[in-house]
Amino acid sequence: MLRVVAMVLFGLMFLAEAGDLYGLVLTLADPVPTADRFGITARAEVLRSTVLMILALVVCFGALASLVGLLLRRPALFRKSALACALGYLVYGLYQVADGTLQLGSVVVVLAGLIYVVLGGLAYAMYRSVH
């Protein structure tokens, strides 16, 4: 049963990060509106979005590979990928908290970062529990 829960969880994490990646690609294509909304320069937004995109790729591929590891019953693939996903979420969340606090002054970004930290904890719990 825990394996099925983990499959659903990592599948949802993959889909959520794929959507996040799409939004970051759109932001990088035209960073000015987002930069204006946050009150930063377009160059700062490009840097911020690029860092977030790299971290989102780690999470996305980690979640997808975790799902594949679970489906194929490959414990080593699952464990490495789930750990990558968990650490990716943790770093992503901490970056968002720091960025929202220090650069953007945005409570929404800080809250989003905290949600990412919680998701990282959830991914880590699955890493420790499954197999």
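**Exercise 1. The annotated transmembrane stretches**

Find where UniProt places the feature "transmembrane region", then check the helix content of residues 51-72 and 104-127.

*Solution.* Start with the record: the unreviewed UniProt entry puts "transmembrane region" at residues 51-72, 81-98 and 104-127. Bear in mind that UniProt positions follow the numbering used here, feature names are shortened, and annotations may be inferred rather than shown by experiment. The model itself is predicted, so local features need pLDDT of at least 70 and side-chain atom pairs count only at pLDDT 80 or more, while totals for chains, interfaces and linings use all residues. Residues are numbered from 1 along each chain as its sequence is written, and side-chain values use heavy atoms, with hydrogens and water left out.

Next, take residues 51-72: this span is 95% helix and 0% strand, and its end C-alpha atoms lie 32 Å apart. Then move to residues 104-127, where the chain is 92% helix and 0% strand, with 33 Å between the end C-alpha atoms. Helices here are DSSP runs (H or I, at least four residues), as are strands (E, at least two), and both are numbered from the N terminus.

**Exercise 2. How the helices pack**

Work out how H3 sits against H4, and H1 against H3.

*Solution.* Take H3 and H4 to begin with: they pack at about 155°, and their axes are 7 Å apart. (Axes are lines fitted to C-alpha atoms, for helices over the stretch in contact, and angles run from 0 to 180 degrees between N-to-C directions.) That angle is why H3 and H4 come out as roughly antiparallel. The cut-offs: under 35 degrees is roughly parallel, over 145 roughly antiparallel, 65 to 115 roughly perpendicular, and the rest oblique. The crossing of H3 and H4 is left-handed, that is, the near helix is turned anticlockwise from the far one by less than a right angle, whereas clockwise would make it right-handed.

Now H1 and H3: the angle is about 155° again, with the axes 8 Å apart. H1 and H3 are therefore roughly antiparallel too, and H1 passes H3 in a left-handed crossing.

**Exercise 3. The core**

Which residues have the most contacts inside the largest nonpolar core, and which helices supply it?

*Solution.* First, the term: a nonpolar core is a set of buried Ala, Val, Leu, Ile, Met, Phe, Trp, Tyr and Cys residues joined through side-chain atoms within 4.5 Å. Buried means under 20% relative accessible area, exposed over 50%, and partly exposed in between (1.4 Å probe, protein chains only).

The largest core has 27 residues, and Phe10, Met13, Leu70, Cys85 and Tyr92 have the most contacts inside it. Helices H1 (2-29), H3 (42-71), H4 (75-104) and H5 (107-129) each put in at least two residues. H3 gives the largest share, with nine residues. Apart from this core lies another one, of five residues, including Phe38, Ile40, Leu104 and Val109.

Zoom in on Cys85: skipping residues up to four places away in sequence, Cys85 touches Phe10, Met13, Val59, Gly62, Ala63 and Ala123. (Contact means heavy atoms within 4.5 Å.)

**Exercise 4. Residues of H3**

Are Val59, Leu55 and Ile54 buried or exposed?

*Solution.* Val59, in H3, is buried, because its relative accessible area is 0%. Outside four places in sequence, Val59 touches Glu17, Cys85, Gly88 and Tyr89.

Leu55 also belongs to H3; at 13% relative accessible area, Leu55 is buried. With neighbours within four places left aside, Leu55 contacts Val91, Tyr92 and Tyr95.

Ile54, again in H3, is exposed, at 51%. Ile54 and Val118 are 64 residues apart in sequence, with 19 Å between their C-alpha atoms.

**Exercise 5. Polar residues of H4, and a loop**

What do Ser81 and Gln96 touch, and what is the phi of Arg73?

*Solution.* Ser81 lies in H4 and counts as buried at 8% relative accessibility. Beyond its neighbours within four places, Ser81 contacts Gly62, Ala65 and Ser66. Gln96 lies in H4 and is buried, with a relative accessible area of 8%. Not counting residues up to four places away, Gln96 touches Arg48, Leu52, Val109, Val110 and Gly113.

Last, go to the loop between H3 and H4, where Arg73 is found. Arg73 has a phi near 55°, a positive value in a residue other than glycine. Most residues other than glycine have a negative phi. Arg73 counts as exposed, at 57% relative accessibility.
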